[in-house]
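Visitor: I'm new to this one. Could you show me how to read it, step by step?

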Amino acid sequence: MKNILIYCGSSAGHNEVYKNTATEVGKTLANQRLTLVYGGGSVGLMGTVADAILENGGEAIGIIPSFMEPWEVQHKGLTECIITESMHARKQLMALKSDAVIALPGGWGTLDELFEILTWRQLGLHQMPIGILNTNGFYDDLLIMLKKMVTEGFVKQANLEMLIVDDNIESLLEKLRNDVSEGELIGKWIGRA
Ligand code: AMP
């Protein structure tokens, strides 16, 4: 496990615990010689994680779609910055360059990316471990909803178990390294109730 794909808010949130945790994430990645792969922004938690890893001697690869260039939200100090034609190309390249995925707190963009990467894994398109850093219980209500999707028969229990949750970045990284969840691939459940 070398490159960690981080999805997180382009906002910082109201409670400073989110920014502080994003700083800790960047520092921890640098200390463990892990490379950050992310959306390339300088704003919100995205900028905080990138600043923290770079300030601690680590490496950050940003992947940003060309339509965002004029917004000037791009981080200017990255180890590598890749511009893509589209949002879809960006998300695909972020996944191709990474070995594991972590979602920090965020908004629509973060949830879009998280559920897309979960869906791709359910379809067998990749085998990366996927985690949520549940800072301040931010994802508690979402996790209740996800359990409901299992009990109501819309998500397989095995596919819920692909999602690894922890509120501490070091133990989350350890769990991702030791992930043995398999999920149930689409080929196994096609045609089953
Ligand atoms: P959100 O959670 O809605 O703030 O969106 C954050 C996610 O969407 C990030 O993981 C990015 O990949 C992408 N994104 C949204 N806004 C930006 C931005 N201003 N700059 C770069 N990436 C962004």
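Guide: We'll look at the ligand's surroundings and then at a pair of helices. Keep in mind that this is a predicted model.

Visitor: Let's start with the ligand. Which residues come nearest to the ligand?

Guide: There are 15 residues around the ligand, and S10, G107, G109, T110 and E113 come nearest. Sorted by character, the shell divides into 6 nonpolar, 7 polar and 2 charged residues.

Visitor: Which helix gives the largest share of that shell?

Guide: That's helix α4, residues 108-122, which supplies 4 residues of the shell.

Visitor: And which polar side-chain atoms should I look for next to oxygen atoms of the ligand?

Guide: Try S10, where a polar side-chain atom lies 2.6 Å from an oxygen atom of the ligand. T110 also has a polar side-chain atom 2.6 Å from a ligand oxygen. For a nitrogen atom of the ligand, turn to R90, with a polar side-chain atom 2.9 Å away.

Visitor: How much of the ligand's accessible area does the protein cover?

Guide: On its own the ligand has 480 Å² of accessible area, and the protein covers 88% of that.

Visitor: Now the helices. How are two packed helices described?

Guide: You give the angle between their axes and the distance between those axes. Here, take helix α1 (residues 16-31) and helix α7 (residues 169-177): they pack at about 50 degrees, with axes 10 Å apart.

Visitor: What do we call that arrangement of α1 and α7?

Guide: Angles from 35 up to 65 degrees fall in the oblique class, so α1 and α7 are oblique to each other. Their crossing is right-handed.

Note on methods:
Residues numbered from 1 in each chain as written. Predicted model: local features only at pLDDT ≥ 70, side-chain atom pairs only at ≥ 80, totals over all residues. Heavy atoms only, no water. Near = heavy atom within 4 Å. Polar contact = N/O pair within 3.5 Å; in protein donor to acceptor, adjacent residues only side chain to side chain. Areas by Shrake-Rupley, 256 points an atom, 1.4 Å probe, with all protein chains shown as cover. Helix = DSSP H or I, 4+ residues; strand = E, 2+ residues; numbered from the N terminus. Nonpolar A, V, L, I, M, F, W, Y, C, P; charged D, E, K, R; others polar. Axes fitted to C-alpha atoms, helices over the stretch in contact; angles between N-to-C directions. Parallel < 35°, antiparallel > 145°, perpendicular 65-115°, else oblique. Left-handed = near helix turned anticlockwise from the far one by under 90°.
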